[in-house]
Amino acid sequence: MAAVRAPRIPVEERLFSLVLALLATDAGLTKTEILSTVQGYRQKYVSGGDNAALERQFERDKDDIRELGVPLETVDDPSAAGDNHLLRYRILRGDYELPLDISFSPEETALLTLAGMVWREGTLSAESRRALLKLRSLGGTASVPELDYAPRVRSRDAAFEPLRTALDRGVVVRFDYLKPGEDAPRRREVAPFALVQHMGRWMVSVVEPDTSSRKNFLLSRIVGPVTVTSRSFPRPADATADSALEGLDRLWEQNTATVRAVPGSDARTRLGKRRGTVVGDDDVLVVHYSDRQVLAEELTAFGPEVVVLAPAELRALVADRLRDLASDHAATSTSASASGIGGDAS
Amino acid sequence: MTDRRPSLHATDKLAFLLSLVPWLIDHERVSVAEAAAHFGVGVADIRRAVELIAVSGIPGDTAQYQHADLFDIAWDDFEQNDVIVLTNLVAIDDTPRFSAREAAALIAGLQYLSSLPENADRGAVASLMSKLSRGASGEPSQVAVAQDETSEVLALVREAVERGVQLEFDYAGVRGLVERRRVDPLRVESLDADWYLRGWDHLREALRTFRLDRIASPALTDVRITHRASDLSLPDGFFEGSPDDLDVVVEIDAAAAPLLDDYRPVDVEDAGDGRARLTLRVGHVGTVARLVSGLPGRARVVAPDEARQAVADWAAGAAARYDD
């Protein structure tokens, strides 16, 4: 039992002191040296006693510091490789500091500031904020753009963060997926290699570990939680976010549907501006898509402004959705639910 | 997982300390207010950080944190003049690298912005991305946002702003009526793949939001703008309320309810059977059908009756076009 109550050191002071101490050492410090001398640890260190709680604290702090991109490394003692007590910890200045030749012009700073503001939610937004702090640290100021922009990308799908974690760790995940057009979700076990937003929808690109085939899943169709496993699956070198986007672009090129839009309607204007759309006579449009079910939802929302001509499967999907919508909103279904019976269609 | 929350906050503070020190080194004498403005934080945050830096350092040869092993500041200047001068430096010289995830966040943000007309020079954006990769402590994670072609409308908006003239275009309102609108462009906003122009609408004499992909036949006018973004307070969010707004009660699979956050549901309640009931505010009864038909989770309007009937009629009319 410690005789004197240790003063409370704020967490950030302990972390800051640890970074300073490890930057200042070339040879590295052993865990015992760190715990017994570094501010925030030394106050709780019991010489010759049980420091298990403090050691766990140090393990968590190391993770937190590495999260920030600080290259905290361990060095084996050459005379006693593998002996944990002789492991030394240090931060090499050259790996820690931004290379000197990296600087950003006022225009670049402005653009990066805007790029950081894009993220509204989740860890991407916190990480952007931290990156912008480092950018400010370099001293550059941002040029003021002529036009006020407020660009935003959402990443609100609950699956986003666990998938990103799995991506960084290179491990397999499990989730239930309700494939568009199917009635019941199916369990998937896949290795994610990229998270991409294509035409406004987030998808995770994966490798199936057993077949090595590559697939894309819509985040909005992942049902329930994503389980991050510890089974590692290294990302194949050619499995990149860029290659995933290229694949989706190819699908977009290949798949077309023919629709007729009411002249002058909103559907006519918006579908006409969709990427790749070809406008024919009589306001017949050939539109591109990457997923038929998703396109069916989009076309349904245009209601009477658009009629699907081909392919037949898409035509049937849209017609069915509209009929369901009509019957769900027929006068009888409202009175049923209003009286609390809750006759729920599914 | 829950015990990580407070330390997450502490890591943000650590990132701030590691960023602030090199900047203070470069600016030998700087006021607290200047530092706060540069980093976009409060003066109290700067003062707290400087006070912490001033007593921090390394254990040193004696392992006792001797005076020479600590940062120091000119305390009189700090306390009396609110000016920061570092008088002793320890361990840190330069800005830290970006983490792999931080670099990835900015790179994906840049990809998203690369379709803006300002960034037509793709080479400049690409070189910026490679600089971020080089400045990261690890390989940036594979997160990407497709570069979509934004319409030529955006380039015209920008030109209108540069010249300070009004922009005119055809726009179909919610009632389906196409009108020629004249607008002072104020701000371009986006949400994922959807881009919007907010501006002062001279036809309606009010602030309005226009979807870029609904704008047809845009053209510059030679009429000067009368409203600037700096003169007006633009409410955050896309949907300006109006006295004519209508409250609509929608029932939806509970799992899909969070997807409606952007419509700012007034009220969310459990409707049993895995369904949730939300009250949404919409501008016009005609928009309800379009809204619910595009929603996942089998959305159904339950009240008011006029809105439910409108959806029924709309859907029945659209479905009839498929009757062979």
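Is A:Asp101 buried or exposed, going by its C-beta neighbours inside 10 Å? A:Asp101 counts as exposed, because just 8 C-beta neighbours fall inside 10 Å, and a residue may have 12 or fewer to be given that label. Keep in mind while looking through these views that the model is predicted.

**View 1. A:Asp101 sits in a loop of chain A.** The loop in question links helix H4 (93–96) to helix H5 (106–117) of chain A. For a sense of scale, pick A:Phe302 as well: A:Asp101 and A:Phe302 are 201 residues apart in sequence, and their C-alpha atoms are 53 Å apart in space.

**View 2. Chains A and B meet through 101 residues of chain A and 102 residues of chain B.** On the chain B side, helix H1 (residues 5–26) gives the most, with 14 residues. Sorted by class, that side of chain B has 56 nonpolar, 27 charged and 19 polar residues.

**View 3. A strand of chain A pairs with a strand of chain B.** Here strand E6 (residues 186–198) of chain A runs parallel to strand E5 (residues 143–145) of chain B, and three bridges hold the pairing. Look for A:Val196, whose bridge partner in E5(B) is B:Ala144. A:Val196 turns up again in the next view, among the residues of the largest nonpolar core that touch the most other members.

**View 4. The largest nonpolar core has 121 residues, with members from both chains.** The residues that touch the most other members are A:Val19, A:Leu22, A:Leu163, A:Val196, B:Leu17 and B:Leu106. Helix H5 (residues 100–113) of chain B supplies the largest share, nine residues. Zoom in on B:Leu17: leaving out residues up to four places away in sequence, B:Leu17 touches A:Glu12 and A:Phe16 from chain A, plus B:Ala49, B:Leu52 and B:Ile53 from chain B. A second core, separate from this one, has 41 residues, including A:Leu271, A:Tyr289, B:Ala289 and B:Ala312. As background, nonpolar side chains in soluble globular proteins tend to be buried together.

**View 5. Chain A has an open antiparallel sheet of three strands, ordered E1-E3-E2.** Strand E1 (29–30) and strand E2 (72–75) are the edges, each pairing on one side only. E1(A) is joined to strand E3 (residues 88–91) of chain A by two bridges, and the two run antiparallel. To find your way around, use A:Leu29, which stands opposite A:Tyr89 in E3(A).

**View 6. Another open sheet of chain A has four strands, in the order E11-E12-E10-E13.** The pairing is antiparallel in this sheet. Strand E11 (278–279) and strand E13 (306–310) each have a single partner strand, so one side of each is left without a neighbour in the sheet. Two bridges connect E11(A) with strand E12 (residues 284–288) of chain A, and A:Val278 stands opposite A:Val286 in E12(A).

**View 7. Helix H11 (residues 312–328) of chain A spans what its residue count predicts.** Its 17 residues, at 1.5 Å a residue, should cover 24 Å, and the end C-alpha atoms are 24 Å apart, so the two values agree. Buried residues of H11(A) include A:Leu314, A:Leu317, A:Val318 and A:Ala319. Further along the helix, A:Arg321, A:Leu322, A:Leu325 and A:Asp328 are buried too, charged side chains included.

**View 8. A hairpin of chain B has a hardly covered strand.** Strand E12 (residues 267–272) of chain B has six residues, and the count of buried ones is zero. Five bridges pair E12(B) with strand E13 (residues 275–282) of chain B in the antiparallel sense; B:Asp270 stands opposite B:Ala276 in E13(B). Two residues lie between the strands of this hairpin, and B:Asp273 takes a positive phi near 60°.

**View 9. Stepping back, the domain assignments divide chain A into four parts and chain B into three.** In chain A these are domain 1 (11–96), domain 2 (100–145), domain 3 (160–251) and domain 4 (255–328). The C-alpha centres of domain 1 and domain 4 of chain A are 61 Å apart. Chain B has domain 1 (2–88), domain 2 (152–231) and domain 3 (246–320), with 46 Å between the C-alpha centres of domain 1 and domain 2 of chain B. Chain B contains nine helices and 14 strands, and 36% of its 324 residues count as buried.

Note on methods
Residues are numbered from 1 along each chain as its sequence is written. Chains are lettered from A and ligands numbered from 1 in the order in which they are written. This is a predicted model: local features need pLDDT of at least 70, side-chain atom pairs count only at pLDDT 80 or more; totals for chains, interfaces and linings use all residues. Two residues are in contact if their C-beta atoms, placed from the backbone, lie within 7 Å. Two strands pair if DSSP finds at least two bridges between them. Domain bounds come from an automatic or database domain assignment. The expected span of a helix is 1.5 Å times one less than its number of residues. A residue is buried if 20 or more other C-beta atoms lie within 10 Å of its own, exposed if 12 or fewer, and partly exposed in between; C-beta atoms are placed from the backbone. A nonpolar core is a set of buried Ala, Val, Leu, Ile, Met, Phe, Trp, Tyr and Cys residues joined through C-beta atoms within 7 Å.
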